[in-house]
Amino acid sequence: MTTTEIKTNDRTTTEATTVRPNPATPRLNFAKAAPKVFRAVIGLDAAAREGLDPALVELVQIRASHLNRCAYCLHMHTTDARKAGESEDRLHMVAVWQEADHFFTDRERSALALTDAVTRIGDAGVPDEVYDRAAAHFTEEELAHLLALIFTINTWNRIALSTAKRAGTDER
């Protein structure tokens, strides 16, 4: 375990961060152990994508995977994005999209901001300005699908991290 000192308003707090081991083998084959649950998540994922631009879908999945530190999903979705024609420049900029906003459209930036807020929901909820910005760029149906997509990638990240899926194996 490592610690990080954080200074806030003349106070120093210590935040513990756990260094995650990278087990040599996965802990559990989730699809095999809970096939009905796994199929339900696949169904949610497929339904969430309906009506959304495939490039936007990958950007959202990549961003949430960055935030959740899910190497397995990050590798899978950057590979899928490349196959779909996404540029290396944009893929590299997703992690720092706020500072590299000229790489993304207003619509994409609003989706990435919503992804950040929903993925980090425990920090500050979903601020009205973030939600309103996304609502200005997406129809109600698209916004519902975008939210479902964000919920789904966060679920996939948690499955992959909890079961120690290894990046680069792309077992689907």
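## Helices, salt bridges and a cysteine pair

Ala-164 sits in the segment that follows α9. The model you are looking at is a predicted one, and Ala-164 is a good place to start reading it. Ala-164 has a phi near 60 degrees, a positive value in a residue other than glycine. With a relative accessible area of 7%, Ala-164 is also buried.

Another residue makes a useful companion to Ala-164. Arg-69 is not a glycine either, yet its phi is positive, at about 55 degrees. Arg-69 belongs to the loop between α3 and α4. Is Arg-69 buried or exposed? Arg-69 is exposed, as its relative accessible area is 58%, whereas Ala-164 is buried at 7%.

### The overall plan

The protein has nine helices and two strands. Read from the N terminus, the order of elements is β-β-α-α-α-α-α-α-α-α-α, so you meet the strands before the helices as you follow the chain. Of the 172 residues in the protein, 38% are buried. What share of the contacts with a separation of 6 or more comes from residues 24 or more positions apart? That share is 64%.

### Salt bridges

In general, side chains of opposite charge can pair when their charged atoms come close. How many salt bridges does a search of the whole structure find? The search finds seven. Here are some of them, with the N to O distance for each pair.

| Salt bridge | N to O distance |
|---|---|
| Asp-45 and Arg-49 | 2.4 Å |
| Arg-63 and Asp-116 | 2.6 Å |
| Arg-90 and Glu-86 | 2.5 Å |

Let's take the pair of Asp-45 and Arg-49 to begin with. Both residues lie in helix α2, which covers residues 35–49. They are four residues apart, about one turn of the helix. The two partners differ in their surroundings: Asp-45 counts as buried at 9% relative accessibility, while Arg-49 is partly exposed at 30%.

The side chains of Arg-63 and Asp-116 also meet in a salt bridge, at 2.6 Å. Arg-63 is part of helix α3 (residues 54–67) and Asp-116 is part of helix α6 (residues 106–119), so this pair ties together parts that are 53 residues apart in sequence. Are these partners buried or exposed? Arg-63 is buried, with a relative accessibility of 5%, and Asp-116 is buried too, at 7%.

The side chains of Arg-90 and Glu-86 pair at 2.5 Å. Their salt bridge belongs to a network, in which bridges that share partners join Glu-86, Arg-90 and Glu-108. Arg-90 is buried, with a relative accessible area of 14%. Glu-86 counts as buried as well, and its relative accessibility is 14%.

### Where α4 meets α9

Next, turn the structure so that you can follow α4 and α9. Helix α4 spans residues 71–83 and helix α9 spans residues 140–162. The two pack with their axes 8 Å apart, at an angle of about 125 degrees. Because of that angle, α4 is oblique to α9: the value falls outside the 65 to 115 degrees that would count as roughly perpendicular, and it is not over 145, the mark for roughly antiparallel.

Which residues of α4 take part in the contact? Tyr-72, Cys-73 and His-77 do, and they meet Ile-153, Trp-156, Asn-157 and Ala-160 of α9. Sorted by class, this contact has five nonpolar residues, two polar ones and no charged ones.

### The cysteine pair

Cys-73, one of the α4 residues in that contact, brings us to a question a biochemist may well ask. A disulfide is a covalent bond between the sulfur atoms of two cysteines. How many disulfides does the count give? The count is zero.

Why do Cys-70 and Cys-73 not form a bond in this model? The sulfur of Cys-70 has its closest cysteine sulfur in Cys-73, and the distance of 3.5 Å is too far for a bond. The reasoning rests on a cut-off, because the sulfur atoms of a disulfide must lie within 2.5 Å. Seen from the other side, the closest cysteine sulfur to Cys-73 is that of Cys-70, again at 3.5 Å. Both cysteines are buried: Cys-70 has a relative accessible area of 1%, and Cys-73 has one of 3%.

Terms used:
Residues numbered from 1 in each chain as written. Predicted model: local features only at pLDDT ≥ 70, side-chain atom pairs only at ≥ 80, totals over all residues. Heavy atoms only, no water. Salt bridge = Lys/Arg side-chain N within 4 Å of Asp/Glu carboxyl O. Buried < 20%, exposed > 50% of the residue type's maximum accessible area, 1.4 Å probe, protein only. Axes fitted to C-alpha atoms, helices over the stretch in contact; angles between N-to-C directions. Parallel < 35°, antiparallel > 145°, perpendicular 65-115°, else oblique. Contact = heavy atoms within 4.5 Å. Nonpolar A, V, L, I, M, F, W, Y, C, P; charged D, E, K, R; others polar.
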